[in-house]
Amino acid sequence: MKKIAAVALLSLGALLAACSKQESAPAPAAAPAAATKIVVGLDDNFPPMGFRDDKNQLVGFDIDMAKEAAKRLGLEVEFKPIDWSAKEAELSGKRVDALWNGLTITEERKQNIAFTSPYMENHQIIVVPAGSAIKTKADLAGKVVGAQEGSSAVDAIKKEDAVFKSFKEFKTFGDNVTALMDLTTGRLEAVVVDEVVGRYYVAKKPDAYAVLGDNFGTEEYGVGLRKDDTELHGKLEKALADMKADGAAAKIAEQWFGKNIIK
């Protein structure tokens, strides 16, 4: 009987131990590590938004804006040059966390990208030589006007059919620098160019150029994020709003464009 009782007690102990193991709560899963870095995708040949300087360092207006925002969020920022034509694939594939390089907000892009509120308005501005008699778009009648071939400036000009047909001649160039050189030498009387590009070059030679009050249309730039990255979207929205409110964004704009063009 003692042997039977001992066996019974051992069996009961084993059963209680098993039940105790089954009833103990499983160890909680480790919380995912908080993000410490944001990877920004960009075209590194788009001055003054993002480009390489003489020392091959990435510089530009959007570079400085992203650095300031990341600092406020307590994040390290990595800039990753990408094929800009594949930017949406780079973002959705999580090879970059944000697209920040003069990215125009469009209804088509909104289908796949979550944009921040616009931080800049870009206009198709009209640059003329300093002291020019041209003061408005109407004054372009009978004048020789230039723009970069294949740019949105060409489309914007042609949308205003009456103004376009009033030109004496319309010339296109491989790049904006060549067009502005022809403006300086007198072969052109006006150049239509993206404001972010035009003001950058005007700021370099303020005595050589003037920018008209009229323009050929407006577009808006925003930072592009993944639609499911709502936490980063909210934080970045706040950082940009704070940068606008305290003047940090305006300061960066004035350094690159000679004027506050923050929206």
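How many of the 263 residues in the chain are buried, as a percentage? Buried residues make up 42% of them. Keep in mind as you look around that this is a predicted model.

**Stop 1: the whole chain**

Start with everything shown as a cartoon. You should find 10 helices and 13 strands. Now switch on the surface: the chain exposes about 14300 Å², and carbon and sulfur atoms supply 53% of that. As for how the chain meets itself, take the contacts with a separation of 6 or more: 74% of them join residues 24 or more positions apart.

**Stop 2: the cores**

Hide the surface and select Met49, Phe61, Met65, Trp100, Tyr119, Met120 and Phe257. These are the residues with the most contacts inside the largest nonpolar core, which has 51 residues. Apart from that one lies another core, of 16 residues; Ile126, Val154, Val163 and Ala190 are among them.

Go back and centre on Tyr119. Setting aside residues up to four places away in sequence, its contacts include Met49, Phe61, Met65 and Trp100. Tyr119 also touches Tyr221, Gly222 and Val223, as well as Ile262 and Lys263.

**Stop 3: helix α2**

Next, select residues 61-73, which are helix α2. Try your distance tool on its end C-alpha atoms: they are 19 Å apart. At 1.5 Å a residue, 13 residues should span 18 Å, so the helix agrees with what is expected.

Which residues of α2 are buried? Colour Phe61, Asp62, Ile63, Met65, Ala66, Glu68, Ala69 and Ala70 to see them. A helix rule helps here: an α-helix has 3.6 residues a turn, so residues three or four places apart point the same way. Just past the helix comes Gly74, with a positive phi near 70°.

**Stop 4: rings**

The structure holds 10 aromatic pairs. For one of them, show Phe61 and Phe257 as sticks: this pair is tilted, at 5.2 Å centre to centre with 55° between the planes. Phe61 sits in helix α2 and Phe257 in helix α10 (residues 248-257), so the pair ties together parts that are 196 residues apart in sequence. Phe61 counts as buried at 0% relative accessibility, and Phe257 counts as buried too, at 3%.

Then pick Tyr200 and Tyr201. Their pair is edge-to-face, 5.1 Å centre to centre and 70° between the planes. Is each of them buried or partly exposed? Tyr200 is buried at 11% relative accessibility, while Tyr201 is partly exposed at 22%; the cut-off for buried is under 20%. Add Phe51 and Trp256 to the selection and you have one aromatic cluster with the two tyrosines.

One more ring is worth a click: Phe216. The charged end of Lys137 sits over it, 5.0 Å from the ring centre.

**Stop 5: two buried helix residues**

Glu195 is found in helix α8 (residues 195-204). Buried or exposed? At 4% relative accessibility, Glu195 counts as buried. Beyond its neighbours within four places in sequence, Glu195 is in contact with Glu121, Asn122, His123, Ile125, Tyr200 and Ile261. You met Tyr200 at the last stop, in the aromatic cluster.

Now jump to Leu236 in helix α9 (residues 230-245). Leu236 is buried, at 1% relative accessibility. Leaving out neighbours within four places, it contacts Ala69, Leu73, Trp100, Thr116, Val223 and Leu225. Compare its place with Arg72: the two are 164 residues apart in sequence, yet 9.2 Å apart in space, C-alpha to C-alpha.

**Stop 6: out to the exposed lysines and the loops**

Select Lys165 in helix α6 (residues 161-166). Lys165 counts as exposed, at 62% relative accessibility. Its C-alpha is separated by 8.3 Å from that of Ala141, 24 residues away along the chain.

Finish with two backbone oddities. Most residues other than glycine have a negative phi. Lys94 has a positive one, about 65°; look for it in the loop between α3 (87-92) and β6 (98-99). Lys94 is exposed, with a relative accessible area of 57%. Asn56 also has a positive phi, near 65°, and sits in the loop between β3 (50-52) and β4 (58-59).

How values were computed: Residues numbered from 1 in each chain as written. Predicted model: local features only at pLDDT ≥ 70, side-chain atom pairs only at ≥ 80, totals over all residues. Heavy atoms only, no water. Helix = DSSP H or I, 4+ residues; strand = E, 2+ residues; numbered from the N terminus. Buried < 20%, exposed > 50% of the residue type's maximum accessible area, 1.4 Å probe, protein only. Contact = heavy atoms within 4.5 Å. Areas by Shrake-Rupley, 256 points an atom, 1.4 Å probe, with all protein chains shown as cover. Core = buried A, V, L, I, M, F, W, Y, C linked by side-chain atoms within 4.5 Å. Expected span 1.5 Å × (residues − 1). Phe/Tyr/Trp six-rings, centres within 6.5 Å; stacked < 30°, edge-to-face > 60°. Lys NZ or Arg CZ within 6 Å of the ring centre and 35° of its normal.
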